[in-house]
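Subject: Structure handover

Hello,

The structure we discussed is below. My notes on it follow.

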Amino acid sequence: MSAKQAFIYGINGPVVTVKNAPWLQMLEMVYVGTERLIGEVIAVHGDKTVIQVYEETTGLKIGEPVEGTGAPMSVTLGPGLIGDIFDGIERPLKQIENSSGGFISRGLMPDAVDMDKKWEVKITAKEGDAVMPCSIIGEVTETSLIVNKVMVPPDVEGVITKIVPSGTYTCRDILATVRTKNGQEIPIQLIQKWPIRKARPYQTRETISKPLITGQRVIDVLFPLAKGGTAAIPGGFGTGKTMTQHQLAKWSDAEIIIYIGCGERGNEMTQVLEEFTGLIDPKSNQPLMNRTLLIANTSNMPVAAREASIYTGITIAEYYRDMGYHVAIMADSTSRWAEALREISGRLEEMPAEEGFPAYLPSRLSEFYERAGYVTNLNGTVGSVSIIGAVSPQGGDFSEPVTQNTKRFIRCFWGLDKALAYARHYPAINWLGSYSEYVDDLAQWYEENVAPDFIEKRADVVRILQEESGLMDIVKLIGADVLPEDQKLTLEIARVIRVGFLQQNAYHQNDTYVPLDKQYKMLTTILYLYDKCKKWVNEDAIPLSQISKTGIFADAVKMKYDIANNETEKFDQFKEKIDALTF
């Protein structure tokens, strides 16, 4: 650690200025004041250095010391992260609560992982082995669901000169020593450090070709997200952003979930923490926290730490990706993160851009979303990081800068609709204003793993919903009674699709999660009903009202509840029921 000290020259909220400290580097982590508050260098102007402080600066005085560390702002990566709750700069909140009576004191910097906990380590390498960056030399059972791989740091390459046998070790113990090409001896521990603003390297970025299966029909069928892809969930207050992310965290087939509560209200974040810690993972029947990590940075916490929280989350995600895991990040919400950027930018007296946001808002958003990807890691394993960011536009206005700039860097847009949310339609994803650019990339996977005509059936549903939208404009003017029977049928089938297929009940055991084969069977059954009704209406001249009296449309809506996820053969019985209808 550097022994050099500078002294505070100016204080403006979380922004602190020091003079005559040429040894301080851009993005270097520093300790500010006598309480050693954590900060980061964000600008250097001649003899002035500007630092953003990640803690409350109340009471800080001119002349207090600032000490550099000589290293960038980094996080600790190792076993013990999964299942814990951290603040925006990776301070473990449970540990702080136990040591300080529930309040976060300033200047605290506890270890992110328990350095003295003993782990059972299975060593898989031997002395004399040549190791590449991220080579796996051992394994640790981190939780009942996650095996942590002990890796060589991404910037180390050489030959193992010493290595311990399998046994019980702490994070302080040196497990191996690697001699690099220049003769340096690098110790390898269970933990490693990595700068939060620097993406961890990988070998190659692979073509995206597999979906992140969520069990939510409107997403999996209409607007699929790929593993390693990026999605945004914009919506006004109360439209269900957080609820949707909870469902995705619980049911998606990502192996590890990282939930970042970025600038959300304290009571809402408390509810998230209580719910997550009590949830059971439906796939393994074990606590969901055994594969989940939470980062809680509420709106009343220091604004600079909010800005750092998403980088902390994405760096931890890349660490587990390097082990070969598929990780999903829920960032809730990037609007609050952008507001933190705006506040710090204002303190720095930078020229504001649209709505006061800094001119570099788009580049910061791209830096975050572009760290997603499906990659071959340096150690040869394959892993992915998928990013799902909630956006909270003021007044639900999707034309505001954060939403518009986010759309430039994501390929899946799940726009939440206030009218649908207030009508208790969950998920409240507007099927006309949303889109996914992954459909073509995933088409082959759906054809090979679900059904050859899956994409074709999806296109039929989209067409019916678009036809309904056009017909509703006519209905509003002249009423539905004057429409021809085939157009009335289109409206009725569109209603069945909306209520019976797109709308889900998160509290119903058969509907909260729906496997892809059942989704496909539901889809084909509704379209089969549509084709039969078209024949009856157009060829046999049977009025739609007569068909409705049979109750077949109501039964089609209810089949999502009536047919269990493991009883998909009953859809064939439903088709037989349609065929048996007489008029």
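V121 is a convenient place to begin. Leaving aside residues within four places in sequence, V121 is in contact with E139, V140, V150, S166, G167, Y169, L175 and L190. Please keep in mind throughout that this is a predicted model.

V121 also belongs to the largest nonpolar core, which has 84 residues. Together with L81, I137, I258 and Y320, V121 is among the members that touch the most other members. The element giving the most to this core is helix α5 (residues 303–321), with 11 residues. Apart from this core lies another one, of 82 residues, and V218, L273, L420 and W431 are among its members. As general background, nonpolar side chains in soluble globular proteins tend to be buried together.

Two arginines are worth going through in turn.

R91 sits in the loop between β8 (85–86) and α1 (93–100). Is R91 buried or exposed? Its relative accessible area is 5%, and the cut-off for buried is under 20%, so R91 counts as buried. The side chain of R91 makes polar contacts with two acidic side chains: one with D87 at 2.8 Å, and one with E55 at 3.2 Å. Beyond residues up to four places away in sequence, R91 touches E55, I85, F86, I96, I104, S105, L108, M109 and P110. E55 therefore appears both as a polar partner of the R91 side chain and in the list of residues that R91 touches, while R91 itself is buried at 5%.

R364 is found in helix α7 (residues 361–369). With a relative accessibility of 23%, R364 is partly exposed, because buried requires a value under 20% and exposed one over 50%. Which residues does R364 contact, leaving aside neighbours within four places in sequence? They are E307, Y311, W337 and L341. With E307, the contact includes a polar one between the two side chains, at 3.4 Å. As for L341, 23 residues separate it from R364 in sequence, and the C-alpha to C-alpha distance is 9.3 Å.

Last, the cysteines. How many disulfides does the structure hold? The count is 0. C412 is buried, at 0% relative accessibility, and C533 is likewise buried, with a relative accessible area of 0%.

Regards

Technical notes
Residues are numbered from 1 along each chain as its sequence is written. This is a predicted model: local features need pLDDT of at least 70, side-chain atom pairs count only at pLDDT 80 or more; totals for chains, interfaces and linings use all residues. Side-chain values use heavy atoms; hydrogens and water are left out. Helices (H or I, at least four residues) and strands (E, at least two) are DSSP runs, numbered from the N terminus. Buried means under 20% relative accessible area, exposed over 50%, partly exposed in between (1.4 Å probe, protein chains only). A polar contact is a pair of N or O atoms within 3.5 Å; within protein, one must be able to donate a hydrogen and the other to accept it, and residues adjacent in sequence count only if both atoms are side-chain atoms. Contact means heavy atoms within 4.5 Å. A nonpolar core is a set of buried Ala, Val, Leu, Ile, Met, Phe, Trp, Tyr and Cys residues joined through side-chain atoms within 4.5 Å. A disulfide is a pair of cysteine sulfur atoms within 2.5 Å.
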